[in-house]
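Visitor: I'd like to look around a protein model with you. Could you show it to me first?

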Amino acid sequence: MARIADLLAGGRTVSYEFFPPKSEAAAKALDDALEDLTALGPSFVSVTYGALGSTRAPTRDLVIRIDGERPYPAMPHLTCVGQTRDDLLVLLEQYRDAGIQNVLALAGDPPPDGSAPGGDFTYATELIELARSVSDFSIGVAAFPELHPRSPDRDTDRRLLADKLGRADFAITQFFFEAEHYFRLRDELEALGCETPVIPGVMPFVSVPGTRRMAAVNGCHIPAELEARMDAVDGDPEAVRRLGAEVASSLCQELLDHGVPGLHIYAMNRSTSIREIYTALGW
Ligand code: FAD
């Protein structure tokens, strides 16, 4: 399967992100979405990794299955905080042996109760180093247009991000609702001499409280006008989903108009909103 660095070098990518399903019904729904989305010809897909490695086997099995069955690469997300070097080494070797060529190397978050995470790692850069020692993976990392919540200030965030991007092949961003945050990130990285492609992450949301919760955790600003539109549809799941797809479509168009290396769409294991985004973009 292709390396994502090579796909990006060849032109704009479009990718979708999934999470490991938690029930048989959810697994069936994901398979249906995958079938539908495969027809749209994504460049690659990615599968999240539960906090502190809680979905280690489900993420691995899903990635290897999609990568083997579908005509595009599947990339595992992998976090390192709270985990041992030996455990992650085994997992990276399993990916290498299964022919997986791409990895999204993340720090992950410490336990929410504030207890010490333990394990052998603190930062994503340490996981990049470990992955490079195992195989010639194409390695992606996370970027936060509105700054990482644990960053002390803007300059430090950008300096450390530029350093991380110097060791990686590409980045995917946290979701955001205002394109200006992405453009500012891009300008700041350019000013630091960083040319690694940064793919904007776009979320067609499907839940108002869920979106507000995730935005608060990730330091993502929801503009007042969008807050009002969310209030107007809250409680009507289909209207919320349609609003999420509409907002995501406008953001994708604005990003495309200004030139982006790719679009990474948080698919939420569904296909309907992505189909609507494609229609809105005239694809
Ligand atoms: P890092 O790059 O290590 O940065 C974390 C913080 O440490 C930043 O503030 C950074 O500035 C600072 N820092 C970095 N290096 C140093 C240093 N040397 N000295 C001092 N400070 C430093 N989480 C999951 O659990 N599972 C997932 O599947 C998942 N997928 C994600 C996908 C994307 C696209 C994104 C954007 C995030 C994802 N996350 C996931 C969330 C991510 O794990 C958390 O946001 C985590 O807190 C930060 O990870 P990171 O890789 O950006 O960390």
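Here is a short chat about some of its helices and loops.

Guide: Quick heads-up: this is a predicted model, where local features need pLDDT of at least 70, side-chain atom pairs count only at pLDDT 80 or more, and totals for chains, interfaces and linings use all residues. Residues are numbered from 1 along each chain as its sequence is written, and side-chain values use heavy atoms, leaving out hydrogens and water.

Visitor: Are H3 and H4 roughly parallel or roughly antiparallel to each other?

Guide: Helix H3 is residues 56-69 and helix H4 is residues 85-97; helices are DSSP runs of H or I, at least four residues, and strands are runs of E, at least two, numbered from the N terminus. Their packing angle is about 15 degrees, with axes fitted to C-alpha atoms over the stretch in contact and angles running from 0 to 180 degrees between N-to-C directions. Angles under 35 degrees count as roughly parallel, over 145 as roughly antiparallel, 65 to 115 as roughly perpendicular and the rest as oblique. So H3 and H4 are roughly parallel.

Visitor: How far apart are the end C-alpha atoms of H7?

Guide: Helix H7 (residues 179-191) has 13 residues. The expected span is 1.5 Å times one less than the number of residues, so H7 should span 18 Å. The model agrees, with the ends at 19 Å.

Visitor: Which residue with a positive phi follows H7?

Guide: Just look past the helix for a phi near 80 degrees. The residue there is Gly193.

Visitor: And which loop holds Leu147?

Guide: Leu147 isn't a glycine, yet its phi is positive, about 80 degrees. Its loop is the one between S5 and H6.
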